[in-house]
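Subject: Structure handover

Hello,

Here is the structure I promised to pass on. Please open it first, then read the notes underneath.

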Amino acid sequence: MKKNIILTGFMGTGKSTLGRMLARELNYEFIDTDQLIEERLDKTIAEFFQNEGEARFRKIEAKLAQELAKCQGLVIATGGGLMINPENVAALGRTGQILCLVATPEEILERISLQPGTRPLLKDPNPLQKIIELLEQRATIYDKFTQVSTSSQSQKQLVTELLHHINQGS
Ligand code: S3P
């Protein structure tokens, strides 16, 4: 049985970019939970947050986590808040390996600034402060997983590091 590889971590840590590259290396199908939700709702996540609110988004995320937990041989890039829900961690964790990408608040801000208006939780007069606050709130969640720092390494090197963790199973 092919296990799933699940990339989690805060917004702007490179989950989608590296996930896509990793899937190519492993010859696995790639799923980006945010992208799949947007396709299914035919709305951007920013629009959905604005019209329906975060709580409804979390319910959709949770349903998707249960659905993906029935699949195998996937590289899954999760939305940055998906692992807040322990049921999502349990469901996806049973199907494979969860790796957490990490970056500094400054790097996160720089990266998400390249995609303005796409991160409703960071729509704040002081986005850097908001990133720091959310990272603090979520530290105990992200810290449970094997962490891979995305600072000062090329994307190719990062994929090699991820493959190393996958081969080691840790
Ligand atoms: C969120 C992260 C976003 C998206 C939504 C909420 C979060 O995904 O799911 O805006 O709570 O951290 P990315 O991590 O892909 O930006």
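Start at strand β4, which spans residues 96-102 and includes Gln97. Keep in mind throughout that this is a predicted model. Gln97 has a relative accessible area of 7%, so Gln97 counts as buried, the cut-off being under 20%. The Gln97 side chain has a backbone partner. A polar atom of that side chain sits 3.1 Å from the backbone oxygen of His165.

Now the ligand. Which residues come closest to the ligand? They are Lys15, Asp34, Arg58, Arg119 and Arg138, out of 13 residues that surround the ligand. By class, the shell holds five nonpolar, three polar and five charged residues. The ligand occupies the largest pocket.

Three distances are worth loading into your viewer:

- Asp34: an N or O atom of the side chain is 2.5 Å from an oxygen atom of the ligand.
- Arg119: a polar side-chain atom is 2.6 Å from a ligand oxygen atom.
- Gly80: here the backbone supplies the N or O atom, at 2.8 Å from an oxygen atom of the ligand.

How much of the ligand's accessible area does the protein cover? The answer is 96% of the 380 Å² that the ligand has on its own.

Next, two buried threonines in loops. Thr13 belongs to the loop that links β1 (4-9) to α1. Its relative accessible area is 1%, so Thr13 is buried. Thr13 and Glu67 are 54 residues apart along the chain, and their C-alpha atoms are separated by 24 Å.

Thr78 is in the loop between β3 (74-77) and α5 (86-95). Is Thr78 buried or exposed? Thr78 is buried, because its relative accessible area is 3%. The side chain of Thr78 also makes a polar contact of 3.1 Å with the side chain of Thr8.

Then the backbone outliers. In general, most residues other than glycine have a negative phi. Two residues here go the other way. Asn27 is not a glycine, yet has a positive phi of about 60°. Asn27 sits in the loop between α1 (15-26) and β2 (29-32). With a relative accessible area of 66%, Asn27 is exposed. Ser152 is not a glycine either, and its phi is positive at about 50°. Ser152 sits in the loop between β5 (146-149) and α8 (155-168). Why does Ser152 count as exposed? Because its relative accessibility is 79%, and exposed means over 50%.

Last, Asp143. This residue is in the loop between α7 (127-142) and β5. The relative accessible area of Asp143 is 52%, so Asp143 is exposed, given a cut-off of over 50%. The side chains of Asp143 and Gln147 are joined by a polar contact of 3.4 Å. Asp143 and Ala55 lie 88 residues apart in sequence, with 24 Å from C-alpha to C-alpha.

To recap the ligand site: the charged count in the shell is five, and the protein covers 96% of the ligand's own accessible area. For the loops, Thr13 and Thr78 are buried, whereas Asn27, Ser152 and Asp143 are exposed.

Over to you.

Best regards

Key:
Residues numbered from 1 in each chain as written. Predicted model: local features only at pLDDT ≥ 70, side-chain atom pairs only at ≥ 80, totals over all residues. Heavy atoms only, no water. Near = heavy atom within 4 Å. Polar contact = N/O pair within 3.5 Å; in protein donor to acceptor, adjacent residues only side chain to side chain. Areas by Shrake-Rupley, 256 points an atom, 1.4 Å probe, with all protein chains shown as cover. 1 Å grid on protein atoms, 1.4 Å probe; cavity = no way out; pocket = protein on both sides within 12 Å on 5 of 7 lines; lining within 4 Å. Sits in = over half its atoms within 2 Å of the grid points. Nonpolar A, V, L, I, M, F, W, Y, C, P; charged D, E, K, R; others polar. Helix = DSSP H or I, 4+ residues; strand = E, 2+ residues; numbered from the N terminus. Buried < 20%, exposed > 50% of the residue type's maximum accessible area, 1.4 Å probe, protein only.
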